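Me: Please take a close look at a single part of this model and follow it outward from one residue to its surroundings. A connected account is better than a list.

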Amino acid sequence: MRILICGLGSIGQRHIRILKKLYYKKGLELFTLHDSKKNLIIDDDFKTYKVQSVCNYYKIKIIDINDIKNLKINIAYICTPPYKHLDLCIKLAERNWCNNFFT
């Protein structure tokens, strides 16, 4: 399963933790469009931890939006602030790669 996580704040990180539990040892590959600028891990109790890279911590690959179709991403989770959802969904849809979005 190849999943794109857009947004690595508390909601995106919660999705990552749940997906890793659900797809443990089942070939889960996680991708994102860029690393978090804050470099904070936010756990389920909302405690925060400073790290060098959120992507490295969760073992997520950073990709370019134009590479999505070639990577055969199965699902995209849009975990950005709500005002950014539509713009990001349009950018993803323009690449004609998938019709499975979760916002």
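Reply: Start at the bridge between cysteine 6 and isoleucine 78, the latter lying in strand β6. The model is a predicted one. The bridge belongs to a parallel pairing of β1 (residues 2-6) with β6, made over four bridges.

Strand β6 covers residues 75-78, and its side chains split into two sets: Ile75 and Tyr77 point one way, Ala76 and Ile78 the other. In a regular strand, side chains alternate between the two faces of the sheet. Both sets in β6 are buried.

Cysteine 79 is the next residue to consider. A search of the whole structure finds zero disulfides. For cysteine 79, the nearest cysteine sulfur is that of cysteine 6, 7.7 Å away. A disulfide needs the two sulfur atoms within 2.5 Å, so this pair does not qualify. Cysteine 79 has a relative accessible area of 12%, and because the cut-off for buried is under 20%, it counts as buried. Cysteine 89 is likewise in no disulfide, and its nearest cysteine sulfur, again that of cysteine 6, is 8.3 Å away. At 18% relative accessibility, cysteine 89 is buried under that cut-off.

Cysteine 89 leads into helix α4, where it is one of the buried residues, together with His85, Leu88 and Leu92. These buried residues cover an arc of only 110° around the axis, and therefore lie on the same side of α4. An α-helix has 3.6 residues a turn, so residues three or four places apart point the same way. The other side of α4 carries Tyr83, Leu86 and Glu94, which are exposed.

The length of α4 fits its residue count. The helix runs over residues 82-94, and its 13 residues, at 1.5 Å each, should span 18 Å; the C-alpha atoms at its ends are 19 Å apart, which agrees. Just after α4, asparagine 96 has a positive phi of about 50°.

Helix α4 also takes part in the largest pocket, which holds about 650 Å³ of space. The lining of this pocket has 22 residues, and those closest to the centre are Gly7, Leu8, His34, Thr80 and Lys84. Two elements, β3 (40-42) and α4, give two or more residues to the lining. The largest share is that of α4, with four residues.

Terms used. Residues are numbered from 1 along each chain as its sequence is written. This is a predicted model: local features need pLDDT of at least 70, side-chain atom pairs count only at pLDDT 80 or more; totals for chains, interfaces and linings use all residues. Side-chain values use heavy atoms; hydrogens and water are left out. Buried means under 20% relative accessible area, exposed over 50%, partly exposed in between (1.4 Å probe, protein chains only). Two strands pair if DSSP finds at least two bridges between them. The expected span of a helix is 1.5 Å times one less than its number of residues. The arc is that of the directions from the helix axis to the C-beta atoms. On a 1 Å grid over the protein atoms alone, a cavity is a set of points where a 1.4 Å probe fits but cannot get out, and a pocket is an open set with protein on both sides within 12 Å along at least five of seven lines; lining residues have an atom within 4 Å of a point. Grid points are joined across faces, edges and corners, and a volume is the space filled by probe spheres set on the points.
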